[in-house]
Each structure stands twice: as structure tokens, then as C-alpha cells.
Amino acid sequence: MSYTVLIPETLAPDAFKAAEGRNDIVFERFALSIAQSEFRARLGSVHAAILGLTPFADPELDAAPMLKVIARVGVGYDAIDVPALTRRGIPLMITGIANSVSVAEQALAFMFAFAKRIHDLNERVVTHRWMSRFENFPTDLFEKTVLIVGCGRIGSRMVKRCVALEMNTLVYDPFIQQDIIRGLGAQPVSDLDDAIVQADYVSIHCPKSQATLNLFDAKRLGLMKQGAVLINTARGGIVDEQALALALESGKLFGAGLDVYNNEPPETANPLLSLPQVISAPHMAGVTWEAWNRMAYIAVRNVIEVLDGKPNHEHTVNPQVYGAKAA
């Protein structure tokens, strides 16, 4: 028997190393610009699908009677209806820590960009304003207070890097044992609002859910320290973008580093796009060359392991489906 695996056209080349020697695996590519109706039409003979940000819910499941597994190239899955997959006994696979280091490095890069005034100082050189360099002093990260919201795969790596920079590192994550956070060299905090008033930098690394939707609304942004910097490499929707724009325009916040937006790409009228205090990236924090290949390789391996009946439970979002199949 052969298996058909639907893959995005941008899947990195290392993906196919995971299927070397497997003549029973047939890959079919789809364009990222594919209409959802056309995507559904491709699902009829598919046994597995590897997805980027393509939505997948009941309509897609109805169109895929032979489907055995869905795999994400990444760790987020807010575009996928997990309960719908679970009801039908289909596992959803993610790529574990494949891009965790990459996202943590991007968050740190945002911090350095603001602290060291990278854009401003470069501008002064190229516009021949060398002698104006004392108008905007860089600052140290050393001994500054950073609040890391979420201490999972990515957040924990961000913690290690901030501790190594000798920052006063606070961590808010009600789902992680405090001893684990202390073991990383950081200080656990139980109240987000109490911690936020202390932080020079706030870096968001929690998943998007009903509990974290607009977690940083106007009220919470108003609690932040005067001149603080907010960094979001997690998901759009965790920060109220209109409220963030107002906080930046008023001077309450010094800057924001955003790898994610509520709508991607953001609308041209989004006020954050025109603010000089914002440094943006097009949702690329977890997509370095190395991470792109790691994620692709693991995504294919995840699929093959499910098809072979040997799924990686640590990479499975809904492992209860395996129990259901056994029953």
C-alpha cells in the first residue's frame, strides 16, 4: 500500500530526508495561495496532510475520507479545529522544539534592537549626522528587568538567554511549577499585573487561547512601566493592537517588537505599521533556514510514524485519539 501526503510547496528540502527509502510515500504539493475550495478538492485521496497556516476543520475532514493524520510545520495550531480532529480519531502532530531556539533568538534580537538603538544610530551614520550621536544614548540590558509571559518550549529558552545577560528575569506562567522556573535562574511571579509594573521589557511566549485573547488590553498596557518595550513573537490577538498603538503614540511605551499580527498580513490601515516605535517582522521568528529545515524534517517524520503505527506522543496535540483507536 502507498500513502499520499499533501504538502505545501514551500516545504523545506530536508523534509524528504525523513522519507528516504520509503517507496510507499507519495508527496503531492499544493500552493500556499490555493483557494480553500480547491484545497478541499485535493483531499479526496489523501492519507496525510502537512500544513502551514492553512485552516483545517469539519469541511476539510468531510472532504478527506482516507485521512489518518495532520501535521503542522511548527508548534502553533490555532487555524486547526482540534476537537473536530479528535472526534474523528485523527492525531494532530507538531514539531516540538524544532524552532524554539529560533523564536527565542528573534525575541532577544528585538530587545537588542531597542536597547542599542540599532535603527536610529544607523540612520545617523548614513545621513551624515555622526556628531548627533549623543542625542539618543543606547542602554544596557544588564540589570534591566524582563518579564517573560509563558515558560514553555520557547519561553524557557528565552529565560536562559536573559539570565545569561544578567537581567533581572521574572516569569509568569501559572502552569509551570515555580521550582522549575527557579531552576532556570529566574524569579516566578504569580500575579501578572503586579509583575508588569516592574518590567523594562515584556516578552510574550504563551499560546493563543480564549484565556489569552487580548491578554494585553488597554488596561494591562496602561499598567506597564513608563518607557517599557513590549515584544510579541507568540501569536496575533494576544495584544490589543489598537490599544498598543495608543500606548506607543502617547509615549507610555518606548517601543514594540512584533513578529505577529491579528490579521496576517496586517491591513494597510493598521496604525502600528506607520509608527516609528514599532519594529515588525512577517511572522518569521521561527523560520530561520535551520529551523525551516528542522521543522519540515520532523513534520514528515511525524506523519510517517503515525502511518507506521508508532506515533510520537510528545509531538501529538490530542494523544487521546490513540486510546480511542485501541478501544
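Which residues of α6 are buried? I started my notebook with that one, keeping in mind that this is a predicted model.

**Entry 1: helix α6**

I looked up the helix and found I154, G155, S156, R157, M158, V159 and C162 as its buried residues. I then asked what covers them, and the list includes α4, β6, β7 (168-172) and β9. Next I checked the length of α6, which runs over residues 153-164 and has twelve residues. Its first and last C-alpha atoms are 17 Å apart, close to the 16 Å expected at 1.5 Å a residue. Stepping past the end of α6, I came to E166, which has a positive phi near 60°.

**Entry 2: helix α11**

I gave α11 the same treatment. It covers residues 289-307, and at 1.5 Å a residue its 19 residues should span 27 Å. I found its end C-alpha atoms 28 Å apart, which agrees. Its buried residues make a longish note: A291, N293, M295, A296, I298, A299, V300, N302, V303, I304, V306 and L307. Just after α11 I met another positive phi, this time at G309, with a value of about 80°.

**Entry 3: salt bridges**

How many salt bridges does a search of the whole structure find? I got 15, and I followed three of them by hand.

I began with R88 and D62, whose closest N and O atoms are 2.8 Å apart. R88 sits in the loop between α3 (82-87) and β5 (92-93), while D62 belongs to helix α2 (residues 58-62), so this salt bridge ties together parts that are 26 residues apart in sequence. I also checked how open the two partners are. R88 is partly exposed at 39% relative accessible area, and D62 is exposed at 56%.

My second pair was E135 and R124, with 3.0 Å between the closest N and O atoms. This pair links distant parts of the chain, eleven residues apart: E135 is in the loop between α5 (118-126) and β6 (145-149), and R124 is in helix α5. Is each partner buried or exposed? I found E135 exposed, with a relative accessible area of 61%, whereas R124 is buried, with 8%.

The third pair I picked was D200 and K225, where the closest N and O atoms are 2.8 Å apart. D200 lies in the loop between α8 (192-196) and β9 (201-204), and K225 in the loop between α9 (218-223) and β10 (228-232), so the bridge joins parts that are 25 residues apart in sequence. D200 counts as buried at 18% relative accessibility, and the cut-off for that is under 20%. K225 is partly exposed, at 33%.

Which residues do salt bridges that share partners join into one network? I noted D58, D62, R87 and R88, which brings me back to the R88 and D62 pair from the start of this entry.

**Entry 4: backbone oddities**

I went through the backbone next. Where is there a cis peptide bond? It joins E264 and P265, with omega about 0°. I placed P265 in the loop between β11 (253-258) and β12 (278-280).

I also wrote down two residues that have a positive phi without being glycine. R117 has a phi of about 55° and is found in the loop between α4 (100-115) and α5. H128 has a phi of about 60° and belongs to the loop between α5 and β6. Their surroundings read quite plainly: R117 counts as buried at 14% relative accessibility, while H128 counts as exposed at 75%.

**Entry 5: a nonpolar patch**

My last stop was the surface. Which residues form a nonpolar patch there? I found V125, V126, W130 and M131, with about 470 Å² of accessible area together. I looked more closely at V125, which is found in helix α5. At 43% relative accessibility, V125 counts as partly exposed. Helix α5 had already come up in my notes as the home of R124, which is buried.

How values were computed:
Residues numbered from 1 in each chain as written. Predicted model: local features only at pLDDT ≥ 70, side-chain atom pairs only at ≥ 80, totals over all residues. Heavy atoms only, no water. Salt bridge = Lys/Arg side-chain N within 4 Å of Asp/Glu carboxyl O. Helix = DSSP H or I, 4+ residues; strand = E, 2+ residues; numbered from the N terminus. Buried < 20%, exposed > 50% of the residue type's maximum accessible area, 1.4 Å probe, protein only. Expected span 1.5 Å × (residues − 1). Contact = heavy atoms within 4.5 Å. Patch = residues over 30% accessible without salt bridge, like charges linked within 9 Å, V, L, I, M, F, W, Y side chains within 5 Å. Areas by Shrake-Rupley, 256 points an atom, 1.4 Å probe, with all protein chains shown as cover.
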